[in-house]
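Me: Could you walk me through some of the labels people put on a structure? I'd like to see the reasoning behind each one.

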Amino acid sequence: MLERLLRYADKQLHFGELVTGVRDRRHWSHVPTAEVVKAVLEMFFARLGSLNALEKLNHLSSWKNLPAHSVSADTIGRVVEVLDSSSLRASQKLLYSCMKKNKQLVAPLHGLIALALDGHESHCTYNQRCVGCLDRDIDGKIQYYHRNVTAQLVFDNFSFVVDMEEQRPGEGELSVAKRLYERVLRDYPRAFDVVLGDALYTNAPFINMILDSGKHVITVLKDERTNIYQQADFAFANCEPSLSFEYGSKSFTCRDEEDFRMPDVSRALRIVKSEESTTFKSQLDSSLHVRTNTWMWITSLPPIRAGTRAVHALGHSRWSIENEGFNELTNRWHSDHIYKHSPGAIRNFFLLCMIAHNIFQCYYKRALKPALQRALTQALVSLQVAADLSGNRPRCHSP
Ligand SMILES: [Zn+2]
């Protein structure tokens with residue numbers, strides 16, 4: 001499976017160029033950078049979550065007289081720490097260009113490609129700190145942690161994780177998001193139409209920055225104390241729904257109004273409200289219950305560019321992004337694992353995890369036939385990659 005994945009990545013995604021393009025700051029090296037980068041990418045493909053696990057698998061492979069990486073866990077940690085992050089970002093950009101050129105990134109039905117921004121805490125500890133650690137007081141004890149803001153592009157059935165920026169001591173998430181957005185806009189100027197953010201991003205300077213860059217914005221409107229929320233609530237109480245539809249066990253009633261003024265925002269905004277009810281059966285007595293939920297999104301998208309249903313879909317795509325993108329990176333791809341505790345190593349391992357995730361997703365969703373996807377989950381494909389790393393070559397169906 002690993003060979004097939006690498007062959008596909010080499011042919012379709014310029015894997016060789018992508019790996020050899022990464023540079024580091026070592027003056028003298030006995031292990032080529034490309035070998036270390038390839039080993040780390042393979043560790044992420046196999047979802048091992050540990051450099052020591054990778055080293056053990058490689059030992060297994062060498063016992064069987066099979067070719068294996070001879071790079072130790074310590075060397076990998078040391079080299080990744082001094083990798084040039086901008087060259088990793090350039091490799092990510094090359095990957096995006098290849099996928100775009102090969103038509104592997106398809107826009108959703110409404111035609112708008114979103115860039116979703118979200119902040120995440122990667123880990124916390126009481127025992128170790130580095131110069132990049134943030135700190136907080138927990139019951140009189142100082143806890144150290146790292147946070148970052150991640151950006152991903154949302155396509156049809158595919159999320160391309162683009163870039164990340166770490167939060168520095170004394171900074172808020174919005175300042176980090178601003179720095180990240182400026183870089184993403186510079187590197188991927190035509191890759192997206194609209195920026196998605198949660199309630200924290202319903203902030204006048206942030207919205208103005210997006211509008212000034214020529215993009216549209218959708219954020220969650222949640223704070224009931226704000227003037228604009230109260231204005232919207234009043235307006236929606238006196239208007240008819242503009243759209244009602246059902247999807248599975250859920251029914252949606254949407255209201256859509258324009259010309260809301262948010263203090264300090266340079267132009268009028270539109271608000272879409274969705275009242276959602278889900279019918280479910282109680283496990284206790286099989287009786288039917290209804291759970292209701294309300295969402296409000298504030299957007300600069302005019303109705304001619306995105307109808308109510310499109311804004312609703314984009315607003316809700318944050319959930320799938322949260323589950324399939326950010327949470328998957330953390331829970332299944334071990335992106336938040338501290339392979340080496342230093343700001344450079346944490347950033348570079350995260351960037352490598354993003355590259356591996358994008359390659360793996362592209363291989364799984366675009367190269368494997370649907371029948372094979374049904375038979376093999378992504379976790380199973382990763383297990384086969386791990387088996388290949390250990391020198392076992394399990395029989396599997398051809399893609
Ligand atoms: Zn730290």
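Reply: Sure, here are a few labels and the values behind them. Keep in mind that this is a predicted model.

Me: Why is S72 called partly exposed?

Reply: Count its neighbours: S72 has 15 other C-beta atoms within 10 Å. Buried takes 20 or more and exposed takes 12 or fewer, so with 15, S72 lands in between and is partly exposed. You'll find S72 in the loop between helix 4 (51-63) and helix 5 (73-81).

Me: What makes helix 1 and helix 11 roughly perpendicular to each other?

Reply: Look at the crossing angle. The axes of helix 1 (residues 2-13) and helix 11 (residues 343-367) come within 10 Å and cross at roughly 95°. Angles from 65 to 115 degrees count as roughly perpendicular, and therefore this pair gets that label.

Me: Which residues meet there?

Reply: From helix 1 you have L5, Y8, A9 and L13, and they meet I359, C362, Y363 and A367 of helix 11. By class, that contact has eight nonpolar residues, with no polar and no charged ones.

Me: How do you know which residues of helix 7 sit on the same side?

Reply: Start with the buried ones: V176, A177, L180, Y181 and V184. They cover an arc of only 135° around the axis, so they share one side of helix 7.

Me: And what do the buried residues of helix 7 pack against?

Reply: Their partners are strand 1 (114-125), strand 3 (141-155), strand 4 (158-166) and helix 8 (204-212).

Definitions and conventions. Residues numbered from 1 in each chain as written. Predicted model: local features only at pLDDT ≥ 70, side-chain atom pairs only at ≥ 80, totals over all residues. Helix = DSSP H or I, 4+ residues; strand = E, 2+ residues; numbered from the N terminus. Axes fitted to C-alpha atoms, helices over the stretch in contact; angles between N-to-C directions. Parallel < 35°, antiparallel > 145°, perpendicular 65-115°, else oblique. Contact = placed C-beta atoms within 7 Å. Nonpolar A, V, L, I, M, F, W, Y, C, P; charged D, E, K, R; others polar. Arc of directions from axis to C-beta.
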